[in-house]
Amino acid sequence: MLISILIIISLSFMLFTKMQKNKKLQNETAELKKSLDNMDEQAKIIVRTDIELNRTQEGLDKKITGLYALQRISHSISMTLIEDQIFKRLSPENLEELGFEKGLILLWDNEKENFILKTAIGYAEEDRDIITSYLNSAKEHFLKLTSKDEAISSVSLPDNFSDTNALHNIFRAKYFILSPILPNQNNRGFIFVATEKDDTLITEGDEELIKILATQISQGLENARLFEKTWSVQQELEKKVAERTQELASALEEAKKMSRRKTDFISSTSHELRTPLTSIKGYAAILLTGKLGKIPTEARERLEKINRHSDELGHIVNDLLDISRIESGKVTMSLEPCDLREIINKTDDLLSDQLKEKKINLEILVKPKEFQVLTDPAQIVRVFINLIGNAMKFTPAGGKISISAQKKDRMVQVDLSDTGCGIPQDALESIFEEFFRVENPINQEVKGTGLGLALVKHIIEAHQGKIWVKSKTGAGSIFSFTLPQG
Ligand code: ADP
């Protein structure tokens, strides 16, 4: 009995222990299952995250490609200043890189009061016409849309934009972005890009990208217009300059013709005058000899006057002939190296009696052999005779005439000053013109033709020199001229 009890007790104990073990096993199995479930969940999360990461990577790749494409288009736009070329920079390849296969650029034409299609990618010819006419039938709407500096897209259409479907229909596109070009300006427009790909997710970044592209196009168009404006102003200016040059050339030609005619006229008239003048002088001289009969005193006086006046007239005619000959190039200067002082001495010899008579002191400040000049000495003696002759005429007794010289820019400048009555300011400009004489009391008394300075100027210019005068009424005059160095 006891043994049976003991067996039962031990069996019960064993059963209990087994049961305990079973329970523990069950618990461990449940624990294991839970861990397995957890692991499964985590594996799923890992896979999901991986997919997510891949998608983000793809998105980033797309953005980088887009940015590169944008940079390339912007660069090529900035390289051109021709409007049509700017639109051509948007190619199907560039658009593809930006993530779109359709693209349009439309600009408002102020004169036609219509939107004009500037470029179209991914649209058939007939679609382009339909889109343009659709658009122009709702131009007010699009003008308003392009006046704001904001991009709109198929995913971010403004709330107040009622006809979303209309846009889809007009442009025949599912996903799109539209960004204004030159907003607020008269010739504004817009760029439109679109895609039909269902997996396309247009983001704010894409909108920003197209907005930058629109800004680049705006900038390019402004530059092109500025260039066009500058170019046309320049063309206009060049045309005007060419016209004026042509006018001036014809005027110059006309002036030369007139001058030639004047020279010819003076030359032939002087010749014509010389023959009768020689006869008049000759007859007067014969009559004065008394060979043709006794001459009464009064007649003799008249004949002497005829003789004197004929001489004066002869001088005028000779001066005129000389001027016209030099002007027409018929008189060539026989240039030779000469000592300036020697030329002045020759003049001094010819005029010394008159200078003494008028009590005028001629001061020669040019030393012998100091200045060598390349001149026709006979002609330069004429220049000095005329200038000193004038200085004597217009300088009162006791006055002084000085001649000095200096080297200047490969020329020798001669200055001839006097202490005479001077020349009024308003006469200085005309002093070298033919027949010009200052209207003053001295000139009414003193004889002259107004040809001396004109002749002097011609002689100096025939030596490639220049002549000018500085003077003030009552303060004397300085006549200066240049001659080439010999
Ligand atoms: P003319 O002496 O025969 O009148 P010119 O051509 O030599 O002609 O001179 C023109 C005018 O210039 C003179 O009439 C005179 O009024 C003025 N003139 C020239 N030289 C002088 C001078 N040294 N001083 C003052 N006036 C002068």
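Me: Before we look at the ligand shell, which residues count as nonpolar, charged or polar?
Reply: Ala, Val, Leu, Ile, Met, Phe, Trp, Tyr, Cys and Pro count as nonpolar, Asp, Glu, Lys and Arg as charged, and the others, Gly among them, as polar. The model is predicted, so local features need pLDDT of at least 70 and side-chain atom pairs pLDDT 80 or more, whereas totals for chains, interfaces and linings use all residues. Residues are numbered from 1 along each chain as its sequence is written, and side-chain values use heavy atoms, without hydrogens and water.

Me: How does the shell around the ligand divide?
Reply: The shell has 10 nonpolar, 8 polar and 3 charged residues.

Me: And which residues are the closest?
Reply: Of the 21 residues that surround the ligand, the closest are Asn390, Arg437, Asn443, Thr449 and Leu453; a residue is near if one of its heavy atoms lies within 4 Å.

Me: How far is the polar backbone atom of threonine 449 from a ligand oxygen?
Reply: That distance is 2.8 Å. A backbone N or O atom of leucine 453 also lies 2.8 Å from a ligand oxygen, and for glycine 452 the value is 3.4 Å.

Me: How much of the ligand is buried?
Reply: The protein buries 97% of the 540 Å² that the ligand exposes when taken alone, by the Shrake-Rupley method with a 1.4 Å probe.

Me: Which element gives the largest share of the shell?
Reply: Helix 10 does, with 4 residues. Helix 10 (377-394), helix 12 (452-462) and strand 12 (477-484) each give two or more. Helices (H or I, at least four residues) and strands (E, at least two) are DSSP runs, numbered from the N terminus.

Me: Changing topic, what is the mean pLDDT of the chain?
Reply: The mean is 90, and 98% of residues reach 70 or more; pLDDT is the predictor's confidence in each residue, from 0 to 100. Among the elements, strand 12 has the highest mean, 98, and helix 6 (residues 164-171) the lowest, 75.

How values were computed. Polar contact = N/O pair within 3.5 Å; in protein donor to acceptor, adjacent residues only side chain to side chain.
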